[in-house]
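Subject: Structure handover

Hello,

Here is the structure for your files. My notes follow below it.

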Amino acid sequence: FNEIPTGYPVPGQTTVYDASQTIDLENVPLNGGFLLKTLVLSIDPYLRGRMRDASKQSYSPAFQLGQPISNYGVGVVVRSENSAFQAGDHVYGHFPFQEYFVQTQAGAFRKVDNKHNLPWNVFVGAVGMPGQTAYAAWKEYANAKKGEVAFVTTGAGAVGSLVIQLAKKDGLKVIASAGSDEKVQFMKEIGADVAFNYKTTKTSEVLAKEGPIDVYWDNVGGETLEAALEAANRHARFIECGMISSYNQTPYAVSNLMNIVAKEIKISGFIVGTLLPKYQEAFYTEIPSMIASGEFKLKEDVTKGLEGAGEAILAVQKGTNTGKSVIVVADQ
Ligand code: NDP
């Protein structure tokens, strides 16, 4: 991490790829820990929030200038001095963006139980943090009833695409938005009843025609939240998952908050880590098998090699990613 951005992160400036350091894989001291080889890393929208001045508090720690950025990843143990982790074990946890690293705090990692033989990429997407986000918050807050109407934003992304499929499974009519015609096509393929490109079609007009909405899954905030408040049904549930429209620019001032009172809307903001202990077991029981059987579909946007991480981070912020963004650092 090289420089705190003011707007969008700039590849090669905000973050730089640095090949100057090496690790002696045979002899690097393990100090009771283990040496990991990174296989896949996740690129998520919240990484932008970590590119801030460390004095500003938030729900996830700021990146340290001059240090590698970090995020969820999957790797394989190369050597180990910890009896709980053997060479060849695959683990999921928080990885520095490095090809290899020594980990001494094993508690932050869990062994990957890949009984459905899924590609490792999936464990940072639908079977990782974004999937857990969709699953846990839908179960906790949607209070979904068959025949109701849900509106899902960034519906072609890692979180949104799973939310669409969870809502359809619960028997709701799903309206979904995304920022390209290709994404609209994918949202239809995974079951959205009404899918539209918010850049070429007005959200408020679609919602006026297809609503009112009972459940709103908000990944974007801003004007879209305003349109959803206008189109909300009485006693609607708003699940506030993210507000990516303001991650790189000044937030849009939502003007119609009084709808919350008048329509008795229930608004739930959340951070996935808080819900996880309650839903983790059910998540791992249900979701991997549904992915393996093809019942739940997913789309990935794969970048090969750590060199492309800066571009991938920017693409997710700009919306030019075409699915769950992952970096494949090594195949095995
Ligand atoms: P996605 O794969 O959906 O990628 C982000 C997408 O956001 C882009 O592809 C783009 O899609 C959309 N986007 C970017 N800029 C804008 C904008 N200005 N206005 C509207 N849409 C925009 O990411 P995830 O599925 O990983 O994350 C989705 C949301 O969920 C994010 O807001 C994220 O912060 C949040 N989140 C929250 C968690 C929590 O614990 N609360 C945990 C994980 C994620 P498009 O082409 O459709 O514009």
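How far apart do the end C-alpha atoms of residues 34-327 lie, and how much of the span is helix and how much strand? The two ends are 22 Å apart, and the span is 31% helix and 26% strand. I picked out this stretch since UniProt, in an unreviewed entry, lists residues 34-327 as "domain: Enoyl reductase (ER)". Please keep in mind throughout that this is a predicted model.

The chain as a whole

The protein chain has nine helices and 13 strands. Its radius of gyration is 20 Å, close to the 20 Å that the globule rule gives for 332 residues, so the chain is as compact as a globular protein of that length. Along the principal axes, the C-alpha trace spans about 65 × 45 × 35 Å. Of the 332 residues, 41% are buried. If you take the contacts between residues at least 6 apart in sequence, 66% of them join residues at least 24 apart.

The ligand

There are 28 residues around the ligand, and those that come nearest are G157, V159, G179, G242 and G319. Two elements give two or more residues to this shell: helix 2 (129-141) and helix 3 (158-169). Helix 3 gives the most, with three residues. Sorted by class, the shell has 14 nonpolar, eleven polar and three charged residues.

Strand 2 and its partners

Strand 2 covers residues 70-80, and eight of its eleven residues are buried, so the strand is largely enclosed by the rest of the structure. Strand 1 (residues 34-42) pairs with strand 2 in the antiparallel sense, over seven bridges. Strand 3 (residues 90-96) also runs antiparallel to strand 2 and is joined to it by seven bridges. G75 is a useful residue to find on screen: it is the bridge partner of T38, and it stands opposite V91 in strand 3.

W120

Is W120 buried or exposed? It has 22 other C-beta atoms within 10 Å, so it counts as buried. W120 lies in the loop between strand 5 (110-111) and helix 2. Leaving aside neighbours within four places in sequence, W120 is in contact with L39, V40, V74 and H90. For Y92, the C-alpha to C-alpha distance from W120 is 9.6 Å, with the two positions 28 residues apart in sequence terms.

Backbone geometry

Most residues other than glycine have a negative phi, and most peptide bonds are trans. Three places in the model are worth a look on that account.

- G211 and P212 are joined by a cis peptide bond, with omega at about 0 degrees. P212 sits in the loop between helix 5 (203-210) and strand 9 (213-218).
- N143 is not a glycine, yet its phi is positive, at about 45 degrees. N143 is in the loop between helix 2 and strand 6 (149-152). It has 14 C-beta neighbours inside 10 Å and so counts as partly exposed.
- H235, also a residue other than glycine, has a positive phi near 65 degrees. H235 is in strand 10 (residues 232-240). With 11 C-beta neighbours inside 10 Å, H235 counts as exposed.

Regards

Definitions and conventions: Residues numbered from 1 in each chain as written. Predicted model: local features only at pLDDT ≥ 70, side-chain atom pairs only at ≥ 80, totals over all residues. Near = placed C-beta within 6 Å. Helix = DSSP H or I, 4+ residues; strand = E, 2+ residues; numbered from the N terminus. Nonpolar A, V, L, I, M, F, W, Y, C, P; charged D, E, K, R; others polar. UniProt positions renumbered as here; feature names shortened; annotations may be inferred. Rg over C-alpha atoms; globule rule 2.2 N^0.38 Å. Buried ≥ 20, exposed ≤ 12 C-beta atoms within 10 Å, placed from the backbone. Contact = placed C-beta atoms within 7 Å. Pairing = 2+ DSSP bridges.
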